[in-house]
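Subject: Structure handover

Hello,

Here is the structure we discussed. My notes on it follow below.

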Amino acid sequence: MRERRLTATIARLSSAALDLALPASCAGCGLEGRSLCASCVTDLDVRLSRPPGVPIGLPSPAPAPLLQLEWCAPYSGAVRRAIHALKYRGERRLAEPFGGAVARRWRAAGVGGDVLVPVPADAERVRARGYDQARLIAAVAARQLNLPAADLVVRTRATVAQFDLDRTARFGNLGDAFAADPTAAGLAAATLRRAWIILVDDVVTTGATLAGCAAALLDAGALGVSAITVARER
């Protein structure tokens with residue numbers, strides 16, 4: 001717990017230092033002042049008051065073996081531009097509003113959970129960016145939900161970028177691509193076996209990545225796995 005608070009404090013101080021050195025402009029609309037302005041932040045909460053689950057017209061509920069899949073906003077407009085800024089332009093300050101939106105939506109629609117687990121990005125992409133965006137988002141959400149965040153899933157092999165594949169190929173691309181590794185987070189295996197996991201990622205399309213992570217966690221003995229993302233692509 002103390003280590004988690006220290007990590008969160010360092011992250012906030014780093015963000016504050018970055019704001020002083022490089023004043024932010026809104027990734028959604030370009031307005032100077034914040035990484036995501038007050039107007040564009042509201043786009044992250046368009047589903048906040050809606051009931052849990054998948055609205056009529058969207059394909060399928062949560063893909064097995066997930067128990068629940070939630071998301072904050074459609075992957076379009078300002079939200080899409082902001083996610084691109086976090087992933088491809090190094091604008092890590094956006095993890096704060098994204099993580100806040102995830103916490104608000106999960107508090108409103110989630111049915112439980114013991115620990116937030118980020119979906120691990122490919123190691124090469126993490127090295128290129130200098131960070132894993134899902135880990136940053138999960139850390140902020142965990143702090144606001146007063147839950148731990150832990151890196152319990154690792155990638156066991158490289159995969160083709162999901163956006164390069166059609167829906168059917170996405171599931172095949174991720175077969176056996178993930179494994180549960182509680183020791184990576186300094187946890188005992190028994191802790192994982194008692195846990196209801198909440199997976200966290202930036203965008204979901206088919207849910208293939210989330211389903212692959214969930215299967216690995218359940219194989220390792222997790223009690224159940226749900227998931228939430230910042231956005232969903234139709």
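S1 and S6 pair in the parallel sense, over 5 bridges. One of the residues involved is Trp-71, whose bridge partner in S6 is Thr-229. S1 itself is mostly covered, with 5 of its 6 residues buried. Please keep in mind that this is a predicted model.

The sheet

S1 and S6 belong to an open sheet of 4 strands, in the order S1-S6-S5-S2, with parallel pairing. Its edge strands are S1 (69-74) and S2 (115-118), each of which pairs on one side only. From one strand to the next, the twist averages 20°. In general, strands of a sheet pair through backbone hydrogen bonds, either parallel or antiparallel.

In the middle of that order, S5 (residues 196-204) and S6 (residues 224-232) are joined by 8 bridges, again in the parallel sense. Ile-198 has Ser-226 of S6 as its bridge partner.

At the other edge, S2 runs parallel to S5 and is joined to it by 4 bridges. Pro-118 takes Val-200 of S5 as its bridge partner. Which residues cover the two faces of S2? Val-115 and Val-117 lie on one side, Leu-116 and Pro-118 on the other, and all are buried. In a regular strand the side chains alternate between the two faces of the sheet.

Helix H9

H9 (residues 208-219) packs on the sheet. It touches S1, S5 and S6, and its direction makes about 160° with that of S5. The 12 residues of H9 should span 16 Å at 1.5 Å a residue, and its end C-alpha atoms are 16 Å apart, so the two agree.

H9 is mostly covered: 9 of its 12 residues are buried. Those buried residues are Ala-208, Thr-209, Leu-210, Ala-211, Gly-212, Cys-213, Ala-214, Ala-216 and Leu-217. Just after H9 comes Gly-221, with a positive phi of about 105°.

Leu-192

Leu-192 sits in helix H8 (residues 189-193). Is Leu-192 buried or exposed? Its relative accessibility is 2%, so Leu-192 counts as buried. Beyond residues up to four places away in sequence, Leu-192 touches Leu-152, Ala-180, Pro-182, Ile-197, Leu-217, Ala-220, Gly-221, Ala-222 and Leu-223. Two of these tie back to the parts above: Leu-217 is among the buried residues of H9, and Gly-221 comes just after H9. Pro-182 is 10 residues from Leu-192 in sequence and 6.7 Å from it in space, C-alpha to C-alpha.

Helix H3

H3 (residues 77-88) has 12 residues. Its first and last C-alpha atoms are 16 Å apart, close to the 16 Å expected at 1.5 Å a residue. Buried in H3 are Ala-78, Val-79, Ala-82, Ile-83, Ala-85, Leu-86 and Lys-87. An α-helix has 3.6 residues a turn, so residues three or four places apart point the same way. Gly-90 follows H3, and its phi is positive, near 70°.

Cysteines

How many disulfides does a search of the whole structure find? The search finds 0. Cys-29 is in no disulfide; its nearest cysteine sulfur, that of Cys-26, is 3.7 Å away. The cut-off for a disulfide is a sulfur pair within 2.5 Å. Cys-29 counts as partly exposed because its relative accessibility is 48%. Cys-72, by contrast, is buried, with a relative accessible area of 1%.

Backbone points to check

Most residues other than glycine have a negative phi, and most peptide bonds are trans. Two places here depart from that. The peptide bond from Ala-64 to Pro-65 is cis, with omega near 5°. Pro-65 lies in the loop between helix H2 (38-41) and S1. Asn-146 is not a glycine, yet its phi is positive, about 60°. This residue is found in the loop between helix H6 (133-145) and strand S3 (153-155). Asn-146 counts as exposed, since its relative accessibility is 60%.

Whole chain

The chain has 9 helices and 6 strands. Of its 234 residues, 46% count as buried. Among contacts with a separation of 6 or more, residues 24 or more positions apart account for 75%. The chain exposes about 11400 Å², and carbon and sulfur atoms supply 57% of that.

Best wishes

Key. Residues are numbered from 1 along each chain as its sequence is written. This is a predicted model: local features need pLDDT of at least 70, side-chain atom pairs count only at pLDDT 80 or more; totals for chains, interfaces and linings use all residues. Side-chain values use heavy atoms; hydrogens and water are left out. Two strands pair if DSSP finds at least two bridges between them. Axes are lines fitted to C-alpha atoms, for helices over the stretch in contact, and angles run from 0 to 180 degrees between N-to-C directions. Contact means heavy atoms within 4.5 Å. The expected span of a helix is 1.5 Å times one less than its number of residues. Buried means under 20% relative accessible area, exposed over 50%, partly exposed in between (1.4 Å probe, protein chains only). Accessible areas come from the Shrake-Rupley method with a 1.4 Å probe; for residues, only the protein chains shown count as cover.
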